There are 2 protein chains.
Amino acid sequence: MAYPAPVEALIKAFEALPGIGRVSAERLTFHVLRSERSGAALRDAIALVLTDAKRCKECGNVAEQELCGLCADEGRDATTIAVVEEPRHVEAMERARVFDGRYHVLMGALNPADGTEARHLSIHALLDRVRRGNVREVILATDPDKEGEATALLVLDALESAGIPDLIISRLARGLPAGSAIEYLHKGVLEDALEDRRAIRRRGRS
Amino acid sequence: MAYPAPVEALIKAFEALPGIGRVSAERLTFHVLRSERSGAALRDAIALVLTDAKRCKECGNVAEQELCGLCADEGRDATTIAVVEEPRHVEAMERARVFDGRYHVLMGALNPADGTEARHLSIHALLDRVRRGNVREVILATDPDKEGEATALLVLDALESAGIPDLIISRLARGLPAGSAIEYLHKGVLEDALEDRRAIRRRGRS
């Protein structure tokens with residue numbers, strides 16, 4: 001069925017967003033058609049974000065000021081940067097209180113299915129930070145899934161091409177998740193755990 | 001993590017749409033943050049739909065004119081109205097060339113999970129059409145799923161409360177889908193097929 005032009009245009013605009021297919025885009029459009037209020041609310045909220053929302057000029061995370069709270073915090077170790085996909089990953093690491101370095105938020109992961117490409121991710125900003133010096137280590141802390149892997153490779157390539165002397169590039173360890181039971185873990189987890197196994201006692205040489 | 005106000009507002013506006021949860025709403029918001037172009041496109045497309053999109057004043061379907069093509073077609077039987085959830089259902093019935101009556105498009109189905117309520121569905125407009133007379137039968141043609149069932153009941157209630165004399169209210173038949181194989185059909189299908197079975201030869205009385 002050919003929809004009228006404005007309807008088709010809105011379906012297309014929704015469809016261009018990550019993770020929204022044709023059917024969902026139609027449903028969302030019909031919702032706007034039947035509930036003007038929620039359509040107007042969305043239109044205004046987008047407009048406000050486009051004009052008012054800030055991203056930290058250092059790490060790219062959403063921010064209230066030019067610098068986010070974490071980048072403004074002089075107490076944190078500026079020589080170590082954890083590269084994460086999204087703001088919620090910063091939140092998770094902070095909640096766990098396991099890291100006191102700085103972050104770099106890519107604002108997404110490579111995902112051909114939902115249209116997220118390298119140009120959407122703030123990799124240039126990361127290179128700028130690292131080039132400015134004073135960074136000793138970049139930890140790739142993307143998700144251990146296909147999209148996260150591809151993103152980590154992309155960032156790794158970019159960092160290596162930049163040729164910064166003495167920069168350490170690491171990634172989060174893979175293996176058995178603490179508190180789990182081996183019998184319930186899937187193949188990939190066990191594969192990683194074996195591959196990355198650590199020697200705890202070396203064979204004697206005598 | 002507390003997001004800055006405009007960011008949180010956009011997350012909330014996305015979350016208010018059907019079928020979008022918190023995590024998807026965040027992803028969509030991050031996409032707008034990292035791709036101003038797609039955000040602006042969506043904002044403009046919504047604005048255009050709010051100002052320009054028409055719904056047929058008779059059946060509620062999306063339309064180019066005051067009346068959609070099907071309602072404007074004098075050749076179609078105006079005494080029979082099929083009540084469907086969405087424009088794509090009209091399309092499916094038209095493609096099948098099995099119905100030459102009129103439609104009424106509710107523009108959704110009752111769905112507490114995604115926030116679609118009775119007030120979102122164009123039931124009043126249906127009652128107005130039926131009250132104007134000349135309608136002999138209303139066929140409830142919602143989807144045979146939970147949301148469609150609930151919606152059909154809602155429309156049935158509304159029609160019955162309206163107390164229109166001699167109005168026939170029917171629903172699409174349930175049973176074995178043509179071309180299927182009984183061994184692969186699930187319980188609900190077989191249950192419907194048994195429940196709605198049709199006598200093809202009555203037992204003799206001799």
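These legends accompany several views of a predicted model.

**View 1. Chain A is divided into two domains.**
The domain assignment places residues 5-52 of chain A in domain 1. Domain 2 covers residues 55-171. Taken over C-alpha atoms, the centres of domain 1 and domain 2 of chain A are 30 Å apart. The C-alpha trace of chain A spans about 85 × 45 × 35 Å along its principal axes. Its radius of gyration is 22 Å, whereas a compact globule of 206 residues would have a value near 17 Å.

**View 2. Chain A combines eight helices with six strands.**
Read from the N terminus, the order of elements is α-α-α-β-β-α-β-α-β-α-β-α-β-α. The run thus opens with three α elements, followed by two β elements. Of the contacts in chain A with a separation of 6 or more, 49% join residues 24 or more positions apart.

**View 3. The surface and charges of chain A.**
Chain A exposes about 11,800 Å². Carbon and sulfur atoms supply 51% of that area. Buried residues make up 43% of the 206 residues in the chain. Chain A carries 29 positive and 33 negative charges. The mean positions of these two sets lie 4 Å apart.

**View 4. Helix H1 of chain B is covered by elements of both chains.**
Helix H1 of chain B spans residues 5-15. Which residues of this helix are buried? They are Pro6(B), Val7(B), Glu8(B), Leu10(B), Ile11(B), Ala13(B) and Phe14(B). Chain A contributes to their cover with elements that include helix H3 (36-52) and strand S2 (62-63). From chain B, the cover includes helix H2 (22-34) and helix H3 (36-52).

**View 5. Ile139(A) sits in strand S5 of chain A.**
This strand runs over residues 137-140. Ile139(A) has a relative accessible area of 14%, so it counts as buried. What does Ile139(A) touch, leaving aside its neighbours within four places in sequence? Its contacts are Thr80(A), Ile81(A), Ala82(A), Val83(A), Phe99(A), Ser170(A), Arg171(A) and Leu172(A). One of these partners, Ser170(A), is 31 residues away along the chain. The C-alpha atoms of Ile139(A) and Ser170(A) are separated by 4.7 Å.

**View 6. Leu127(B) is a buried residue of helix H6 in chain B.**
Its relative accessible area is 8%. That value is under the 20% limit, so Leu127(B) is classed as buried. Not counting residues up to four places away in sequence, Leu127(B) touches Ala158(B), Leu159(B) and Ala162(B). Leu110(B) is 17 residues from Leu127(B) in sequence. The C-alpha atoms of this pair are 18 Å apart.

**View 7. Lys146(A) is an exposed residue of helix H7 in chain A.**
Is Lys146(A) buried or exposed? Its relative accessible area is 71%; exposed means over 50%, so Lys146(A) falls in the exposed class. Glu86(A) lies 60 residues from Lys146(A) in sequence. C-alpha to C-alpha, Lys146(A) and Glu86(A) are 16 Å apart in space.

**View 8. Asp166(A) has a positive phi.**
Phi of Asp166(A) is near 70°, and the residue is not a glycine. Where is Asp166(A) found? The residue is in the loop between helix H7 (146-162) and strand S6 (168-171) of chain A. Asp166(A) counts as exposed because its relative accessibility is 73%.

**View 9. Asn134(B) is a loop residue of chain B with a positive phi.**
Asn134(B) is not a glycine, yet its phi is about 75°. Helix H6 (123-131) comes before this loop and strand S5 (137-140) comes after it. Asn134(B) has a relative accessible area of 58%, so this residue counts as exposed.

Note on methods: Residues are numbered from 1 along each chain as its sequence is written. Chains are lettered from A and ligands numbered from 1 in the order in which they are written. This is a predicted model: local features need pLDDT of at least 70, side-chain atom pairs count only at pLDDT 80 or more; totals for chains, interfaces and linings use all residues. Side-chain values use heavy atoms; hydrogens and water are left out. Domain bounds come from an automatic or database domain assignment. Helices (H or I, at least four residues) and strands (E, at least two) are DSSP runs, numbered from the N terminus. The radius of gyration is taken over C-alpha atoms; the globule rule is 2.2 Å times the number of residues to the power 0.38. Buried means under 20% relative accessible area, exposed over 50%, partly exposed in between (1.4 Å probe, protein chains only). Contact means heavy atoms within 4.5 Å. Accessible areas come from the Shrake-Rupley method with a 1.4 Å probe; for residues, only the protein chains shown count as cover. Lys and Arg count as positive and Asp and Glu as negative; His and the chain ends are not counted. The place of a charge is taken as NZ of Lys, CZ of Arg, CG of Asp or CD of Glu.
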